[in-house]
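Let's take a walk through the charged side chains of this one. Have the viewer ready and follow along.

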Amino acid sequence: MQAILIARRVGYRLSMALEMPPQTIRFARSADGVRIAFARVGQGPPLVIATCWLSHLEYDLESPVWRHWVTGMAGIATTVRYDERGFGLSDWHVPDFALESRIKDLEAVIDAAGLETFALLGMSQGGPVAIAYALRHPERVTRLILHGSYTASLGPAPESAELEDAFTRMIEVGWARPEGRFRRVFTDMLMPGATPEQMTWVDDLMRMSTSTANAVAFRQQRRDVDVGDLLPRVSLPTLVLHARGDQCNDFSEGRRLAAEIPGARLVTLESDNHVLLADEPAWPVFLAEIDAFLEPDRQLGREGSSQPDDDDDGRVGSAALGALTARERDVLRLVAAGQDNHDIAVTLTLSVRTVERHLQTIYRKLDLAGSAQRTAAAALLLAGDGNRLASGNGQ
């Protein structure tokens with residue numbers, strides 16, 4: 001019965017995706033000037049994908065390996081995904097592939113896309129980027145999803161570094177060669193269950209997505225990544241999905257993420273493929289789990305479009321204030337205390353721009369408009385349940 005329900009739900013979402021307009025591709029400029037290509041497609045709650053390095057926003061739509069990912073996710077959410085620096089449609093000539101630069105790229109994409117709050121999906125190498133971003137911007141990320149990811153690219157065993165050295169050498173020798181003999185080693189690890197046609201597409205994608213020099217530099221610099229010490233500090237609802245037989249990032253990495261992120265839930269996907277294929281049983285399970293996980297965001301979006309509940313005496317009801325996040329309530333308490341945007345930014349250690357985004361979200365959730373938004377929002381907090389929240393924090 002559960003399998004039937006999953007199939008029906010995913011089938012409905014896919015039918016929605018097939019009716020959607022083509023994706024739109026735009027560019028964001030990162031802190032160091034690198035142009036990052038990003039695409040938006042789909043409908044539903046916003047979902048940003050910190051993607052893996054093997055992508056090409058246009059070519060993916062034609063691929064028997066990635067096409068079902070794009071359409072499947074588009075049926076669940078308004079999806080924003082991007083090509084990593086040095087890959088796909090993003091700039092190939094870049095100064096570095098350091099984790100800090102990749103976090104800045106994600107920040108630039110989100111700002112250029114005009115998103116206030118959103119769910120964040122970190123896939124494979126995108127996982128550490130997503131974790132670090134979520135900790136820096138907890139006011140913007142509603143929930144975190146990690147798929148096939150890890151905390152550190154190098155394991156503690158000595159052979160981990162030796163294996164990485166061997167892979168890097170194979171990239172140097174065979175990445176740009178016409179035949180796919182060397183690239184096929186990576187393809188076999190990504191998708192041991194793939195058909196010959198699918199493997200050929202991935203082989204071609206490797207050559208098309210970036211240069212040999214970029215592939216080598218990216219792989220070398222990711223060896224320095226380790227976000228293990230950040231995991232206990234993640235306080236967002238978190239879903240971890242990992243294939244049991246993943247040959248790129250061992251299943252133990254998924255277990256560690258779920259065990260060390262407080263409250264995280266692990267979903268084991270019965271597959272040997274790091275990149276799930278459209279016709280395997282794990283794929284509809286993956287979509288259904290993410291669809292269900294995003295349901296609170298979907299409901300919040302519906303509530304945000306309606307009028308706030310009022311009590312009989314004209315004060316705002318608990319439902320309206322309850323829609324605010326903890327950080328949004330912090331901002332609103334300081335508004336009620338008479339602080340301006342600059343003072344709030346200093347008090348909460350935020351940028352003024354971030355405070356402004358919070359206020360815009362608060363006004364939208366409380367359905368406030370016009371020049372008196374700030375005064376009205378403060379008055380609402382000080383009434384009813386809002387008064388209890390403010391007084392409980394000494395304001």
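Which side chain meets Glu260 in a salt bridge? That would be Arg256, with an N to O distance of 3.1 Å. Keep in mind that we're looking at a predicted model. Both residues sit in helix H9, which covers residues 251-260, and they are 4 residues apart, about one turn of the helix. As for solvent, Glu260 is partly exposed at 32% relative accessible area, and Arg256 is partly exposed too, at 31%.

That pair belongs to a set of 17 salt bridges in the structure. Now for one that reaches across the sequence: the side chains of Arg35 and Asp91 meet with 3.1 Å from N to O. Arg35 lies in strand E2 (residues 35-41), while Asp91 is in the loop between strand E4 (78-82) and helix H3 (99-113), so this salt bridge ties together parts that are 56 residues apart in sequence. The two ends have their own surroundings: Arg35 counts as partly exposed, with 41% relative accessibility, whereas Asp91 is buried at 18%, a value that falls under the 20% cut-off for that label.

Stay with the loop between E4 and H3, and look for Arg85. Its side chain meets that of Asp105 in a salt bridge of 2.7 Å, N to O. Here the loop is joined to helix H3, where Asp105 lies, and the partners are 20 residues apart. Arg85 and Asp105 are both buried.

There's one more residue to add to this picture. Asp32 joins Arg85 and Asp105 in a network of salt bridges.

How values were computed. Residues are numbered from 1 along each chain as its sequence is written. This is a predicted model: local features need pLDDT of at least 70, side-chain atom pairs count only at pLDDT 80 or more; totals for chains, interfaces and linings use all residues. Side-chain values use heavy atoms; hydrogens and water are left out. A salt bridge is a side-chain nitrogen of Lys or Arg within 4 Å of a carboxyl oxygen of Asp or Glu. Helices (H or I, at least four residues) and strands (E, at least two) are DSSP runs, numbered from the N terminus. Buried means under 20% relative accessible area, exposed over 50%, partly exposed in between (1.4 Å probe, protein chains only).
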